[in-house]
Amino acid sequence: MTVEEIEAFVCIARLGGFTEASRRLNRSQPAISRRIHELERSLGSALFERAGRQVSLTEAGLALLPYAEAVLAAVRDGERAVRDASAQAVRTLSLAIVGTLADSHIVDALRTFEARFPQAEVELRTATSREVSALVRSGEASLGLRYFPDADPKLESILLGTEKLLVVLPASHPVTAARLPDLRAFQGERWLSFPPERGDSDSYGRLLERHLAASGLADAAITHIDSLTAQRRLVEAGLGIALMPISGVREELRIGSLRAVEVDGMDAGLPVVAVRRRRGHRSGPAESFMGVLRDHTPWLLG
């Protein structure tokens, strides 16, 4: 069992396919397949069930996954610890972030970090909240920024604050009020939302469902769009309305291509948390970035 084999196994498990893993690892698909074949041969058990291009973990694969992630995390922690201890080594901030947060002041925090620590390199990946946690758990990222705390006891969730959500409409929408008593004014509307994450009752995609149900609109039509940019454009085109973070529509609200409505009694917000491994190496760049982040998100932390 080699580190390369374990890395391929974890990558396939997370991405759900050999093709996707080969792209992520920058290896040919036959090379990835050989690694998995050797790993399965050495363990004497199949790790994946294959159905066309899609794969799923067998019981043996599910049993191996947490240990494989721990092995990778330990190796990567060791690499970071050596770099932190060496005056000549380039230090790296390895950050995984939910894509929608990239539209916020967190980008300003990254710019400030790079200006303050020009010798450090930034490795940035965008992902869903679930994927952010997986990247941190396997050590591919030393720090993650996601929505909602992660219940995994191996991870520490540090609450940064709550980002306010507003009902966002196209500029031409017939509802012109800036504030409404409830959501019933949008009876019959098509809503745009992120897909709910499987097995996760606390996710961005579940928030809208809960608020609609509380207003008696449990049967409202919801179209799942996994991109905030696409949601904005569709709302601007009059193809739906959405519940969006204020940081993600600030410019559109300023120029008037979108309008926001506040709803009485609807305390809609997304908890934003930083996640890191509880027993992981405390990377110098990651700790420094946390300090910069707190200084640049007063809108979030208050």
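This is a short tour of a predicted protein model, going from the whole chain down to a few single residues.

**The big picture**

Let's start with the overall layout. The protein has 302 residues, and 48% of them count as buried. Its C-alpha atoms fill a box of roughly 65 × 50 × 30 Å, taken along the principal axes. Inside that box you'll find eleven helices and twelve strands.

How do the parts of the chain meet? If you take the contacts with a separation of 6 or more, 73% of them come from residues 24 or more positions apart. On the outside, the accessible surface comes to about 14,700 Å², and carbon and sulfur atoms make up 51% of it. As for charge, there are 38 positive and 39 negative charges, and their mean positions are 2 Å apart.

**The start of the chain**

UniProt, in an unreviewed entry, places a feature called "domain: HTH lysR-type" at residues 1-58. In the model, this stretch is 62% helix and 14% strand. The C-alpha atoms at its two ends are 18 Å apart.

Arg35 is a good residue to look up here, and you'll find it in helix α3, which covers residues 29-43. Is Arg35 buried or exposed? Its relative accessibility is 16%, which is under the 20% cut-off, so Arg35 counts as buried. Leaving out residues up to four places away in sequence, Arg35 touches Glu4, Glu5, Glu7, Ala8 and Arg27. For a sense of distance, try Leu228: it is 193 residues from Arg35 in sequence and 37 Å from it in space, C-alpha to C-alpha.

**Two cores**

Now for the inside. The largest nonpolar core has 62 residues, and those touching the most other members are Leu145, Val167, Leu183, Phe186 and Phe289. Strand β6 (residues 155-170) gives this core its largest share, seven residues. Apart from this core lies another one, of 19 residues, including Ile12, Ala21, Leu64 and Leu72.

Which residues does Val167 meet, once neighbours within four places in sequence are set aside? Val167 is in contact with Leu183, Phe186, Trp191, Ala242, Leu243, Arg259, Ala260, Val261, Val263 and Met266.

**Two residues with positive phi**

Asn26 and Phe148 are worth a look for their backbone angles. Phi of Asn26 is near 60°, a positive value in a residue other than glycine. Phe148 isn't a glycine either, yet its phi is positive, at about 70°. Asn26 sits in the loop between α2 (18-25) and α3, and Phe148 sits in the loop between β5 (143-147) and β6. Their surroundings are another matter: Asn26 is exposed, whereas Phe148 is buried.

**A residue in strand β8**

Finally, find Ser193 in strand β8, which covers residues 190-193. Not counting residues up to four places away in sequence, Ser193 touches Gly205, Leu208, Ile222, Thr223, His224, Ile225 and Gln231. With a relative accessible area of 5%, Ser193 counts as buried.

Here are the four residues with their accessibility values, side by side.

| Residue | Relative accessible area | Status |
|---|---|---|
| Arg35 | 16% | Arg35 buried |
| Asn26 | 66% | Asn26 exposed |
| Phe148 | 8% | Phe148 buried |
| Ser193 | 5% | Ser193 buried |

Terms used: Residues numbered from 1 in each chain as written. Predicted model: local features only at pLDDT ≥ 70, side-chain atom pairs only at ≥ 80, totals over all residues. Heavy atoms only, no water. UniProt positions renumbered as here; feature names shortened; annotations may be inferred. Helix = DSSP H or I, 4+ residues; strand = E, 2+ residues; numbered from the N terminus. Buried < 20%, exposed > 50% of the residue type's maximum accessible area, 1.4 Å probe, protein only. Contact = heavy atoms within 4.5 Å. Areas by Shrake-Rupley, 256 points an atom, 1.4 Å probe, with all protein chains shown as cover. Lys, Arg positive; Asp, Glu negative; His and termini not counted. Charge placed at Lys NZ, Arg CZ, Asp CG, Glu CD. Core = buried A, V, L, I, M, F, W, Y, C linked by side-chain atoms within 4.5 Å.
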